[in-house]
Amino acid sequence: MRLRFRLNGRDVELDVPPGRRLLDLLREDLGLIGTKEGCGEGECGACTVVVDGQPRLSCLTLAIHVEGKEVLTVEGLAQRGGLHPLQEAFVETAGVQCGFCTPGFLMAAYALLLRNPHPTPAEVREWLSGNLCRCTGYKQIEEAVLRAAEKLRHVQEA
Amino acid sequence: MRPIPAVKPKDLSEALQYLAEGGKPLAGGTDVLVAIRKGQERPKLLVYVGELPELRILRDTGEGLEVGAALTHAELLAHPATERLPILRQVLRTIGSPAIRAMGTLGGNLVTASPAGDSLVALYLLEARVRLVGPGGERDLPVGEFIRGPRQTALAPGELVRSVFLPYPPGQPHSFFRKVGRRRALVIAVASLGALVWVRDGRVERARLALGSVAPTVLRPRAVEEALVGRPVAPEAWEDLVPLLSAATQPISDLRASADYRRKVAGQLLLALAQALPSPA
Ligand SMILES: Cc1cc2nc3c(=O)[nH]c(=O)nc-3n(C[C@H](O)[C@H](O)[C@H](O)COP(=O)(O)OP(=O)(O)OC[C@H]3O[C@@H](n4cnc5c(N)ncnc54)[C@H](O)[C@@H]3O)c2cc1C
Ligand code: FES
Ligand code: FES
């Protein structure tokens, strides 16, 4: 099929089998390897991207699911050269260790802050419950998201 | 993974044509794509029905809510119309993770017909009707007849679930849902209990109960529902119903839990319900 969608703020058009996984399309066809494949079955969240403002697992998403949609991957987070406040906060709190799970956590957290700029720690934990991390023990990730929420609020107020 | 042939029909009639040719419906993909990945299924054609406008209605008829099969759990949770059905929101909130809720649909959960399907608990409690559409037109079935067994439904080849009608329960019942699972998110229930309970003067006036994961399908333990009528709302007054509830279950042992454990959990959930209801002053 001729697939058209928006990816990280740009219009993209390419020929793909309609049943191709979004994950493969991003990594193999478009060379965006920030999005990771952990389990391939919906259980780990490593492949999370944001589609029309909602978190979505790219391992369980086909090309037809994103036709005409707005897709954001970790490559689209850092804009204007610098890191996104979420990324900065992950670095500052050591929420990144081996980093394999990080793009998925970042994108899930991004979707949370879109709808809820003032999450409580419990809300952060609940929201990120579909993302697994074998390194950090989660506490640092929770802190990173809360810290980023605060930074973003300052940015908006300024 | 080799891509499965897939199509995105532009409307319902085109979708039905593809189904007539042997296609399999695809909505959010959170069940069917996992099954394909695990090699349990290899459909020859996936027909994407997730964005068909006919399957995305949400209509308040005054008597209840007609919900399009392709609405996602997240959409239903966010829609003001579901406020009148707190039990629906209670069950949907516990499904998977935010991403799974943003992808998975009510129709997909229904057709998967898992005894652990959380939305089914609400559908059984509300006595929902399932509206099917196929080459021969439309037909309606009560949810208990639509679900035939684990992973078995009354869906005929070539048919789609178009919508689910959720009647508003009469009066002001208390609604309750609790699910016991192994990991907080994602993992499917070991046992769950949902209830609508009408209470008057500290006593149960009427009760509807639905149990998940403890039988081949979601189950309404009618004997317990009847025995509850007239009981004071207090766990002590319900103790003798625990064995009755356990007897109603037909649990299996699997990787997640043994049959015996499931039976015990179901009993404890009944007492948790008694505790959660406002007790007589
Ligand atoms: C990690 C993970 C966690 C999960 N956690 C839970 C949980 O906590 N509770 C729970 O209940 N479920 C859970 N699930 C299962 C799943 O997410 C739900 O059952 C979901 O609602 C399925 O909807 P879908 O749109 O993704 O279905 P799909 O996978 O698209 O389809 C499922 C089935 O329904 C059929 N179908 C879909 N739409 C229609 C239609 N309109 N008419 C006819 N047939 C149709 C398909 O052909 C297929 O057989 C989980 C799944 C994953 C991967
Ligand atoms: S790779 Fe998609 S959820 Fe694990
Ligand atoms: S940092 Fe290694 S898996 Fe999370």
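In this predicted model, chain A exposes about 7000 Å² of surface. Carbon and sulfur atoms supply 51% of that exposed area. As for what lies beneath the surface, 53% of the 158 residues of chain A count as buried.

The overall dimensions come next. Along its principal axes, the C-alpha trace of chain A spans about 45 × 35 × 25 Å. A compact globule with 158 residues would have a radius of gyration near 15 Å, and chain A agrees with this because its own value is 15 Å.

The secondary structure of chain A comprises 5 helices and 5 strands. Read from the N terminus, the elements follow the order β-β-α-β-β-β-α-α-α-α. The chain also makes contacts between residues separated along the sequence: among contacts in chain A with a separation of 6 or more, 58% are between residues 24 or more positions apart.

One part of the surface can be looked at in detail. L83(A), V91(A) and V96(A) make a nonpolar surface patch of about 250 Å². Of these residues, L83(A) can be placed in the chain by its neighbouring elements: L83(A) lies in the loop between β5 (70-72) and α2 (85-92) of chain A. How should L83(A) be classed by its accessibility, and why? L83(A) has a relative accessibility of 47%. Partly exposed covers the range between the buried limit, under 20%, and the exposed limit, over 50%, so L83(A) counts as partly exposed.

Technical notes:
Residues are numbered from 1 along each chain as its sequence is written. Chains are lettered from A and ligands numbered from 1 in the order in which they are written. This is a predicted model: local features need pLDDT of at least 70, side-chain atom pairs count only at pLDDT 80 or more; totals for chains, interfaces and linings use all residues. Side-chain values use heavy atoms; hydrogens and water are left out. Patches are made of residues with over 30% relative accessible area and no salt bridge: like charges are joined within 9 Å, nonpolar side chains (Val, Leu, Ile, Met, Phe, Trp, Tyr) within 5 Å. Accessible areas come from the Shrake-Rupley method with a 1.4 Å probe; for residues, only the protein chains shown count as cover. A salt bridge is a side-chain nitrogen of Lys or Arg within 4 Å of a carboxyl oxygen of Asp or Glu. Helices (H or I, at least four residues) and strands (E, at least two) are DSSP runs, numbered from the N terminus. Buried means under 20% relative accessible area, exposed over 50%, partly exposed in between (1.4 Å probe, protein chains only). The radius of gyration is taken over C-alpha atoms; the globule rule is 2.2 Å times the number of residues to the power 0.38. Contact means heavy atoms within 4.5 Å.
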